[in-house]
Amino acid sequence: MSTSAVRISAIVVAVVVGASGCGWRGANSMPLPGTEGHGPGSFTIQAQLPDVGNIQQNSRVRVGDVNVGTVTKIDRQGWHALLTMTLNGDVDLPANATATIGQTSLLGSLHIELAPPKSAAPQGRLHAGSLIPLSAGKAYPTTEQTLATVSMLLNGGGIGQIEDITKSLSTAFTGRESDVRSLIEQLNIFIGNVKDQTQDIIDATDSLNKLVGQIADQKPVVDRALKSIPQALSVLNDQRQNLADALDQLGKFSALTADTVDQTKDNLVKELDAIGPVLESVANAGPAAVKSLSFLTTFPFVKENIDNYFRGDYVNLTGIFDLTLSRLDSGFFTGTRWEGDLTELEMQWGRTLGQMPSPYTGGNPLTAPYKADQGP
């Protein structure tokens, strides 16, 4: 190699190292020629991943089995990693695409696999500045993780005890095949019933949760109640003999009351039978009593017809007043000690209401002569 070529190479290396500055971390910290994601129309996106494993800068970004981009930067963001990637301009993926760390083969290199979501409908389109969130980032199990799991299963997972377990189960179930079959059928029915009542169980759990929440809100009241209940029980224990005596006396009183009712039952029945006609008369007189009360407020006019009476500023009234002794007797003295006296007097005078001729005169009471021995 000529001296000029050596000088040019040294100058190029010096420029690259100077440009990278403190960011120099080996060859992978520099953009490598021939990688994807640097052509016309390329764009940059970011993805949040819980763990990047052995992913390095310049790792490939693939869609299916095709390389479409390159990892350009890896940063720590909180407790997860933030990857910056450049993609070819013809990459067509939805905005809610997923990012997964994959491996080309058992001992192959790691890469980032972009794919449409499997558990949701595609939305929008991936574009420059898009961010794939942590919820859409994951990783396939690495070779190391797979070998570690297999090692744990073979060395400490109890595979050596499978034969002993199988023999024990065979011995336990021998001759009990029908019982085991019935048990499985019953378990199937039970699981079906539980499945049918899943919503009821959820509702019951929600109700219990609300009840517990209400009890928690009333914690001071519950505390006071728990402190007061022992004191109340202590008072009841001290008054136990008094309560027993009270119940005994109550029993005696009940027996005495029952005996009294048995002895007075006939008289009570007679009194109720006797009061029946009185109550019936009161009930029959009810409409007349109500009408009489209405009549008293507008005496001597009937309240129901008062609008027909007063058509202007005056009213005509025709009244018939029966002042015979028998009418006065029946109207004012019925039920008193003087009942019948005025009627007897009127009969002595020769006129009795409803009786014409009078039994005393045998003739017309208005024309018959007055007899001194039949009147006052």
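Leaving aside its neighbours within four places in sequence, which residues is glycine 89 in contact with? Let's keep that one open for a moment while I introduce the structure.

Hello everyone. What we have here is a predicted model. The protein chain has 376 residues, and buried residues make up 16% of them. Its secondary structure comes to 12 helices and 8 strands. If we take the contacts with a separation of 6 or more, 57% of them are between residues 24 or more positions apart.

Now back to glycine 89. Its contacts, outside those sequence neighbours, are Pro40, Gly41, Ser42 and Phe43. Glycine 89 sits in the loop between β4 and β5. Another glycine, glycine 37, is 52 residues away along the chain, yet the two C-alpha atoms are separated by 7.7 Å. As for exposure, glycine 89 has a relative accessible area of 34%, so it counts as partly exposed.

Let's move on to the sheet. In what order do the strands of the open sheet run? Going across, the order is β7-β1-β4-β3-β2-β6-β5-β8, and the pairing is mixed. At the edges stand β7 (131-132) and β8 (137-139), each with a single partner strand, so each has one side without a neighbour in the sheet. As a general reminder, the strands of a sheet pair through backbone hydrogen bonds, either parallel or antiparallel.

Let's walk across, starting from the β7 end. β1 and β7 run parallel and are joined by 2 bridges. In that pair, glutamine 46 has leucine 131 of β7 as its bridge partner.

Further along, β3 and β4 pair in the antiparallel sense, over 8 bridges. Here aspartate 75 stands opposite leucine 82 in β4. The hairpin of β3 and β4 has 2 residues between the strands, and in this hairpin glycine 78 takes a positive phi near 65°.

Next come β2 and β3, which are antiparallel with 4 bridges joining them. Valine 63 finds its bridge partner in valine 66 of β3. This hairpin also has 2 residues between the strands, and there glycine 64 takes a positive phi near 70°.

On the other side of β2 (residues 60-63) is β6, and these two pair in the parallel sense over 2 bridges. Arginine 62 is matched with glutamate 113 in β6 as its bridge partner. Then β6 pairs with β5, this time antiparallel and over 6 bridges. Threonine 98 stands opposite alanine 115 of β6 in that pairing.

Is β6 largely enclosed or left open? It is largely enclosed by the rest of the structure, because 5 of its 6 residues are buried.

That brings us to the core. The largest nonpolar core has 24 residues, and those with the most contacts inside it are Ile45, Val61, Leu83, Leu87, Ile112 and Leu114. Two or more residues each come from β1 (43-49), β3 (66-77), β4 (80-87), β5 (98-103) and β6 (110-115). In general, nonpolar side chains in soluble globular proteins tend to be buried together. Let's zoom in on leucine 83. Beyond its neighbours within four places in sequence, leucine 83 has contacts that include Ile45, Ala47, Leu49, Val52, Val71 and Ile112.

One residue in a loop deserves a look too. Most residues other than glycine have a negative phi. Asparagine 58 is not a glycine, but it has a positive phi of about 70°. You can find asparagine 58 in the loop between β1 and β2. Its relative accessibility is 16%, which is under the 20% cut-off, so asparagine 58 counts as buried.

Finally, the helices. At what angle do α5 (residues 198-217) and α6 (residues 219-238) pack? The angle is about 75°, with the axes 5 Å apart. That makes the two helices, α5 and α6, roughly perpendicular. Ile215, Ala216 and Asp217 of α5 make this contact with Lys219, Pro220 and Val222 of α6. By class, that gives 4 nonpolar, no polar and 2 charged residues.

For α11 (residues 325-332) and α12 (residues 341-349), the angle is about 170° and the axes are 7 Å apart. These two helices, α11 and α12, are therefore roughly antiparallel to each other. Among the residues in contact are Leu325 and Leu328 of α11, along with Leu342, Leu345 and Trp349 of α12. The contact of α11 with α12 has 5 nonpolar, 2 polar and 3 charged residues.

Thanks for listening, everyone!

Methods. Residues numbered from 1 in each chain as written. Predicted model: local features only at pLDDT ≥ 70, side-chain atom pairs only at ≥ 80, totals over all residues. Heavy atoms only, no water. Core = buried A, V, L, I, M, F, W, Y, C linked by side-chain atoms within 4.5 Å. Buried < 20%, exposed > 50% of the residue type's maximum accessible area, 1.4 Å probe, protein only. Contact = heavy atoms within 4.5 Å. Pairing = 2+ DSSP bridges. Axes fitted to C-alpha atoms, helices over the stretch in contact; angles between N-to-C directions. Parallel < 35°, antiparallel > 145°, perpendicular 65-115°, else oblique. Nonpolar A, V, L, I, M, F, W, Y, C, P; charged D, E, K, R; others polar.
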